[in-house]
Amino acid sequence: MLRRPRRNRKSQAVRSAIAETYIGEQHMIMPLFLVLGSGIKDQIASLPMAYRWSLDTMMNEIGECLLLGIDKFIIFPAIPEELKDKTATYSYDPDNFYLQAATKIKEKYPTVCLISDVAMDPYSSDGHDGLVRDGKIINDETLPILAKMAVAQAEAGFDIIGPSDMMDGRVETIRFALDAAGYTDTSIMSYTAKYASALYGPFRDALDSVPKGGDKKTYQMDPSNINEALIEAQLDMEEGADFIMIKPALHYLDVIRELKTSFSIPTVAYHVSGECAMLYAACVNGWLDRKKMVPETLLSIRRAGADLVISYFAKEFAESLQ
Ligand code: PBG
């Protein structure tokens, strides 16, 4: 035999010499859930590797992550029901604890890269990402609300704004609003191809943000489609996104690959709550080996084409690299 592919697998030294994909802590983004209060570290029942943190405990968690080499965090607020309304006014209220937390985190840890979430759902009494009228999600009237939210987040110190709402035209609206307010250096990481997936369940438990009526299928994408992902990415490129994102990750590896090869722009994949919960459940049952599964899973997402991976396993992965 002239060709014996096994020769290139014969030892760890040879294997590592020809390894094509590498994933390290610099590729990871750690999601964190923030609640009001102090001394809180509240485990999420359907996402047991993640917690709801108050600012003081979150500060410690961020400190620990920084020591492990994780310096990028995407933060989501759990807003008390009484602060929610139809138009998400609390999202840009100067007293908003999420905005204040960002300022304090950046004060304490100036080197961290903080990523926000822009969407109405955590603040909306309807639980939808956009404005609801007569049971419909109104696109264009949602845009100025998202823009106000984004400018407030930039002002608070977020480095990257993360619109997750899937309204048409939001990236451009947010870009113009940020620039007009002088935040030309604030980046936009757009949730470009966000599918109407059942895998967000644990996240909605964590934030208590289940839609009060209907579903998100008129704005999040149909899982059967990939052409739409190309259209969304094209628009986000034209509208000024600095990063594009595909979400979920594992069930949509083909979409990650397609967008990565079609567009020369940093590409992010969100290994979402339901994906992490499934993996966790199999591992706690002893059906899968967590120490091996976590790196293999994250590596697969990188191999598909993701430059960066958001995962609730980010910290655990960084620990395993130590
Ligand atoms: C909110 C938002 C969601 C997620 C990120 N931002 C949930 C949703 O759209 O209902 C899901 C993330 C996850 O499941 O880990 N706009």
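In which strand does Met-189 lie? Select Met-189 in this predicted model: the residue belongs to strand E9, which covers residues 187-194.

**Met-189 and its surroundings**

Met-189 has a relative accessible area of 1% and is therefore buried. Next, add Pro-163 to the selection. Although 26 residues separate Pro-163 and Met-189 along the chain, their C-alpha atoms are 6.9 Å apart. To display the wider environment, select the contacts of Met-189 beyond four places in sequence: Ile-29, Ile-115, Ile-160, Ile-161, Gly-162, Pro-163, Phe-243, Met-245 and Val-268.

**The largest nonpolar core**

Now turn to the largest nonpolar core, which comprises 113 residues. The members that touch the most others are Phe-33, Leu-47, Phe-73, Ile-105, Leu-259, Tyr-270 and Tyr-312. Helix H4, residues 139-156, is the greatest contributor to this core, supplying ten residues.

From that group, centre the view on Tyr-270. Setting aside residues up to four places away in sequence, Tyr-270 touches Pro-31, Phe-76, Tyr-191, Phe-203, Met-245, Ile-246, Lys-247, Pro-248, Ala-249, Glu-275, Ile-310 and Tyr-312. Met-245 has already appeared on this tour, among the contacts of Met-189.

**Helix H2**

Select residues 55-67, which form helix H2. Its 13 residues, at 1.5 Å a residue, should span 18 Å, and the C-alpha atoms at its ends are 18 Å apart, so the expected and modelled values agree.

Within H2, colour the buried residues: Leu-55, Thr-57, Met-58, Met-59, Glu-61, Ile-62, Gly-63 and Cys-65. Then show what these buried residues pack against. Their partners include three strands, E1 (28-34), E3 (47-53) and E4 (72-77). Helices H3 (97-108) and H11 (314-321) are also packed against them. Just beyond H2, select Gly-69, whose phi is positive, at about 95 degrees.

**The cysteines**

How many disulfides does the structure hold? The number is zero. Return to Cys-65 in H2 and display its sulfur atom: the nearest cysteine sulfur belongs to Cys-113 and lies 14 Å away. Cys-65 has 0% relative accessibility and therefore counts as buried.

Finally, select Cys-276 together with Cys-283. The sulfur of Cys-283 is the closest cysteine sulfur to that of Cys-276, but the two are 11 Å apart, which is too far for a bond. Because its relative accessibility is 0%, Cys-276 also counts as buried.

Key: Residues numbered from 1 in each chain as written. Predicted model: local features only at pLDDT ≥ 70, side-chain atom pairs only at ≥ 80, totals over all residues. Heavy atoms only, no water. Core = buried A, V, L, I, M, F, W, Y, C linked by side-chain atoms within 4.5 Å. Buried < 20%, exposed > 50% of the residue type's maximum accessible area, 1.4 Å probe, protein only. Helix = DSSP H or I, 4+ residues; strand = E, 2+ residues; numbered from the N terminus. Contact = heavy atoms within 4.5 Å. Expected span 1.5 Å × (residues − 1). Disulfide = S-S within 2.5 Å.
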